[in-house]
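Subject: Handing over a structure

Dear colleague,

I am passing the structure on to you with this email, and my notes on it follow below. Please have it open while you read, since the notes go through it place by place.

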Amino acid sequence: MIPMTELAAFLKAHDDYALFGHINPDGDAAGCCIALAKALRKMGKRAFVYLPGGLPEMYKVFDHTVEIADGRNLPFAPRTGFSVDVSEPNRMGAGQQIFDGCAHRAVLDHHATNPGFGEVCAVDGEAAACGELAVALIRELGVEMDPEMAQWLYIALCTDSGRFGFSSTRAETLEAAAACLQAGADVDGITRQLYRTRSEGRTRLLGLVLAGLEMNAEKTMCWARLTDDMLSRANALREDNEGIVNYLLEIRGVQFACLAEERGSVQTKFSLRSKGGLDVARDVAVPLGGGGHACAAGVTLNLPMEDALQAVLRTAEAALKNLQEQE
Ligand code: 5GP
Ligand code: MN
């Protein structure tokens, strides 16, 4: 049982909240944090959101009345830390220290691997988005969803479930989305901004990365590189990487896709995706020190791009071979 009632009681009992999302915040992390902070404020509490690096540019078109801090100046010293959509404490980035400094701590998450690092931890690995759990929590708190909360929760649900298309999508995902619509979420407006509008830089970066994609001889693995040089040539932002790896995975027959991103000369960050049954978290990311979900995982290696890529591809190749032998 997920202790949603206990979590609601905990939230009612405390005050002065900081809500923490994960590094490279996505729509689910940002959306849940903003909506839940708003809910807490409607309950008469003080609350702000902490997102490492701040709200990504692509989400700045969506309005919010909740304060978002990114490390330099906090609106107030939080007494209660609330970790949302964060699979493990170090994924809070610089926020971890602030979270650890809070007198009380709670966790809401949908990563099955979450070890539980608060007094109350509501974790449901079956939820397609943390947004599902946030909607349930808001209901449990007895707070009425307003259009601002509805907008951000819809963003959370829609982005993490792959527009309600991933296998993780379940009846509860759509029920939560329906609740957002009833509370005033503008589906056309939200999805136009999310999926039918992109900057010139993002478009050029997509072209540069995809032009260099490579595949194995069997055409079951596909990978591409995103270098600092490409970012500057495309005049793109770091966050414009989002979604590129999916183009690699969507190639017919590809079972494993990975995007290798240069982080200076000694670090490489990987976005790993799979279809057809390979568990990229368990069989590729975790053995290399990363984590994530079965079909979408990631890892950061302290190696230059080509060495890091070889390590990832070797691990993935072995995992795919293993899978084929089992079948
Ligand atoms: P993305 O490829 O979109 O950055 O991340 C996909 C998923 O992989 C995320 O939901 C997150 O759980 C996980 N992930 C991404 N990067 C890392 C990483 O560097 N370390 C760990 N432990 N997990 C990661
Ligand atoms: Mn999520």
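I begin with a pocket, the second largest, whose volume comes to about 150 Å³. Please keep in mind, here and in what follows, that this is a predicted model. The residues that line the second largest pocket are E132, L133, V135, A136, R139, R170, E172, E175 and A176. Two elements, α4 (130–141) and α6 (171–182), each give two or more residues to that lining, and α4 contributes the most, with 5 residues. Sorted by class, the lining of the second largest pocket holds 4 nonpolar and 5 charged residues, while no polar residue takes part.

Next comes ligand 1, which has 15 residues around it, and of these K269, S271, R273, G291 and T300 come nearest. Three polar contacts can be described here. K269 places a polar side-chain atom 2.7 Å from a nitrogen atom of ligand 1, whereas G291 has a polar backbone atom that is 3.1 Å from a nitrogen atom of the ligand. In the case of G298, a polar backbone atom is 3.1 Å from an oxygen atom of ligand 1. Ligand 1 would expose 490 Å² if taken alone, and the protein buries 79% of that area.

As to where this shell comes from, the elements that give two or more residues to it are β10 (267–274), β11 (291–292) and β12 (296–301), and the largest share, 5 residues, belongs to β12. By class, the shell around ligand 1 is made up of 8 polar, 4 charged and 3 nonpolar residues.

The last site is that of the manganese ion, which is ligand 2, and its protein donors are D28 (OD), D85 (OD), H110 (NE2) and D160 (OD), lying 2.1 to 2.3 Å from the ion. Along the sequence, these donor residues follow the spacing D-x56-D-x24-H-x49-D. Why does the pair H110 and D160 tie together parts that are 50 residues apart in sequence? The reason is that H110 lies in the loop between β5 (104–109) and β6 (120–123), whereas D160 belongs to helix α5 (residues 147–160), so the two donors join parts with that separation in sequence.

With kind regards

Definitions and conventions
Residues numbered from 1 in each chain as written. Chains lettered and ligands numbered in written order. Predicted model: local features only at pLDDT ≥ 70, side-chain atom pairs only at ≥ 80, totals over all residues. Heavy atoms only, no water. Near = heavy atom within 4 Å. Polar contact = N/O pair within 3.5 Å; in protein donor to acceptor, adjacent residues only side chain to side chain. Areas by Shrake-Rupley, 256 points an atom, 1.4 Å probe, with all protein chains shown as cover. Helix = DSSP H or I, 4+ residues; strand = E, 2+ residues; numbered from the N terminus. Nonpolar A, V, L, I, M, F, W, Y, C, P; charged D, E, K, R; others polar. 1 Å grid on protein atoms, 1.4 Å probe; cavity = no way out; pocket = protein on both sides within 12 Å on 5 of 7 lines; lining within 4 Å. Points joined across faces, edges and corners; volume = space filled by probe spheres on them. Donors = N, O, S within 2.8 Å, 3.2 Å for Na, K, Ca; no water.
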